[in-house]
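Biologist: Got a minute to go through this one with me? I'd like to know what stands behind the labels.

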Number of protein chains: 2
Amino acid sequence: MTEIINLEQIKSLLEINEVASAIEHGFISYSQGKTQIPMPGNLGFNNPQGDCHIKYGHIHGDPYFVIKTATGFYANSKMGRASGHGMISIWCRKTGMLEAILLDNGYLTDIRTAIAGQIAARYLAPKHVHKIGVVGAGMQARVQLEFLKSIIDCNEVLLIGNSMESTKACQNYLSNVGFTVSIAKNVKELCQSCNLIITTTPSVSPLIFGPDIAKGTHITAVGADGNNKHEIHEEVFSKADLIVVDSVEQCSQYGDFSYALKLNKQLQSRAKELGSVIEQPQSFGRTNQDQISVCDLTGLAVQDIKIAISIYQKFLDKLANRQR
Amino acid sequence: MTEIINLEQIKSLLEINEVASAIEHGFISYSQGKTQIPMPGNLGFNNPQGDCHIKYGHIHGDPYFVIKTATGFYANSKMGRASGHGMISIWCRKTGMLEAILLDNGYLTDIRTAIAGQIAARYLAPKHVHKIGVVGAGMQARVQLEFLKSIIDCNEVLLIGNSMESTKACQNYLSNVGFTVSIAKNVKELCQSCNLIITTTPSVSPLIFGPDIAKGTHITAVGADGNNKHEIHEEVFSKADLIVVDSVEQCSQYGDFSYALKLNKQLQSRAKELGSVIEQPQSFGRTNQDQISVCDLTGLAVQDIKIAISIYQKFLDKLANRQR
């Protein structure tokens with residue numbers, strides 16, 4: 001029998017710290033080649049614009065394989081609907097039977113993306129963050145900051161969104177969870193004032209440029225996950241001391257790093273995977289406070305696999321406890 | 001709200017003739033380039049052996065896009081379990097919201113595959129079929145024949161399966177639905193005695209060879225859908241007057257035709273898509289009774305899209321009628 005697990009159940013079963021640790025292990029397994037992760041499936045639409053990603057695969061030794069579908073339809077917000085939706089299916093690796101469906105509406109994609117941002121900041125952000133700059137004022141801006149709270153000792157935020165309305169709404173939200181949030185005049189000002197920068201937009205042309213990035217800055221870019229999306233200019237990568245990507249294969253095909261590669265092929269050999277950074281932080285993480293680091297996250301199936309299996313295991317544990 | 005539609009509901013909502021007609025239109029749309037159908041996603045496992053296909057896409061103008069997952073784990077039958085499982089998700093093309101999940105356990109994959117076999121036979125089988133040869137004795141052998149009943153005026157079947165046990169079980173099944181079924185000594189005898197041949201096995205080496213195929217024979221090959229599966233030898237394609245594939249792109253990458261292409265690149269220009277045959281049977285279908293024709297079906301997302309949307313529309317109609 002297939003278990004259908006709804007969003008309310010999912011939220012009650014989510015143990016952030018456990019999932020974050022599982023996702024770190026997932027990144028390591030991926031970078032060690034201990035996974036079967038094909039390139040994501042993708043559909044793109046115009047009028048109205050939208051996209052659909054299918055991320056899926058198996059981590060060697062896991063009892064399940066996982067298929068995650070997430071959509072982003074940005075005109076939804078005009079009708080008061082969330083732009084992101086989705087679901088995850090969990091399959092028995094021995095029989096191919098459908099074990100469970102997580103009706104997460106894209107929630108777990110938001111969470112696992114924020115967790116990846118948290119992991120990137122843990123290994124790459126400077127020791128003393130004086131101001132966090134956030135480009136984009138949607139759901140990801142909110143969750144990225146919420147997940148940074150526990151690991152970065154800085155409440156000062158400079159924010160810029162697509163419209164004043166959405167920026168103010170995000171400012172309110174972040175103020176309510178304990179940040180002191182100013183609104184930036186422009187992205188240039190934001191870049192020049194902050195030493196931890198998070199980009200979370202669906203922009204299709206670069207917003208962040210090399211000359212604006214000061215020594216000792218870390219940038220995590222989570223917006224550009226395909227379909228011509230592009231937030232970080234090539235010169236940022238060229239200028240950076242540390243280039244980190246979630247997947248060299250995936251980031252060479254789309255997202256910010258792929259655009260940088262087109263202009264500067266030599267960047268390829270300088271990019272390290274987040275899994276390698278987690279495994280050997282002394283070799284591949286930040287080693288001094290003047291380094292500029294940039295981490296391009298296109299979203300990796302191991303994140304979806306780990307968060308889904310974690311939820312499902314908790315679900316089964318609860319079921320077993322109830323039946324005892 | 002996402003509708004969860006179970007197998008019993010699916011069976012009650014399935015209108016075969018309507019779906020067959022919709023699938024014919026789907027093949028035509030595909031061959032006219034009026035679809036967005038990426039290459040299928042794929043996972044493969046060993047020990048126990050299994051595979052998982054993700055077929056997905058959108059037909060221009062449809063209100064939904066569809067993602068179908070189907071698995072095949074062939075050791076399941078030893079434990080009394082079906083080898084195939086699966087599900088289909090249906091998404092709103094305008095909002096990316098998850099409209100419905102069809103918990104079909106792979107049933108609709110069986111049905112749409114059988115419908116494609118029926119369509120191939122309608123346009124390609126000789127006028128007078130004296131004996132139908134079926135290689136493979138699993139679920140697909142059964143449904144292919146059931147779907148041929150309404151369009152082929154022949155009850156004589158020669159059958160061969162992987163084991164005598166499975167072959168006899170299939171013989172019993174087919175006898176009960178009105179066929180007169182003999183068991184072939186070997187595939188060679190089957191090929192030499194039949195002028196309509198259906199192959200439905202997960203074989204990884206060719207079973208059907210050119211010299212055994214007589215004038216006026218049609219072969220539909222549905223077994224080889226990826227993961228090194230291979231039923232039809234290259235010389236069958238070289239000898240055939242008509243080579244038909246469901247998708248030139250897909251069949252050039254895996255399945256029987258891809259193996260033939262490796263040995264004989266000139267076959268590429270001779271292959272026609274089933275959608276073109278349906279659209280212009282006088283140009284691309286059987287035009288005389290001596291022709292040898294071979295149709296390689298790797299399974300196309302348009303089939304999954306059309307059958308899923310048909311079921312969902314019936315579901316919505318029923319819901320609307322109940323509320324009236």
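**Loops and a helix crossing**

Modeller: Sure. Asn47(A) sits in the loop between strand 3 and strand 4 of chain A. Bear in mind that this is a predicted model.

Biologist: Why is Asn47(A) called exposed?

Modeller: Its relative accessible area is 70%, and exposed means over 50%, so Asn47(A) gets that label.

Biologist: And what makes Asn105(B) partly exposed?

Modeller: Asn105(B), in the loop between strand 7 (98–102) and helix 3 (107–124) of chain B, has a relative accessible area of 40%. Buried is under 20% and exposed is over 50%, so Asn105(B) falls in between and counts as partly exposed.

Biologist: What is phi for Asn47(A)?

Modeller: Near 55°, a positive value in a residue other than glycine. Asn105(B) also has a positive phi, about 55°. Most residues other than glycine have a negative phi.

Biologist: Which peptide bond leads into Pro48(A), cis or trans?

Modeller: The bond from Asn47(A) to Pro48(A) is cis, with omega near -5°. In chain B, Asn47(B) and Pro48(B) are joined by a cis bond too, omega about -5°.

Biologist: Why are helix 2 and helix 12 of chain B called oblique?

Modeller: Their axes come within 8 Å and cross at roughly 140°. Roughly antiparallel needs over 145 degrees, and roughly perpendicular runs from 65 to 115, so helix 2 and helix 12 of chain B are oblique to each other. The crossing is right-handed.

Biologist: Which residues of helix 2 of chain B make the contact?

Modeller: Among them are Glu18(B), Ala22(B) and Phe27(B), with Lys306(B) and Ile307(B) among those of helix 12 of chain B.

Technical notes: Residues are numbered from 1 along each chain as its sequence is written. Chains are lettered from A and ligands numbered from 1 in the order in which they are written. This is a predicted model: local features need pLDDT of at least 70, side-chain atom pairs count only at pLDDT 80 or more; totals for chains, interfaces and linings use all residues. Side-chain values use heavy atoms; hydrogens and water are left out. Axes are lines fitted to C-alpha atoms, for helices over the stretch in contact, and angles run from 0 to 180 degrees between N-to-C directions. Helices (H or I, at least four residues) and strands (E, at least two) are DSSP runs, numbered from the N terminus. Angles under 35 degrees count as roughly parallel, over 145 as roughly antiparallel, 65 to 115 as roughly perpendicular and the rest as oblique. A crossing is left-handed if the near helix is turned anticlockwise from the far one by less than a right angle, and right-handed if clockwise. Contact means heavy atoms within 4.5 Å. Buried means under 20% relative accessible area, exposed over 50%, partly exposed in between (1.4 Å probe, protein chains only).
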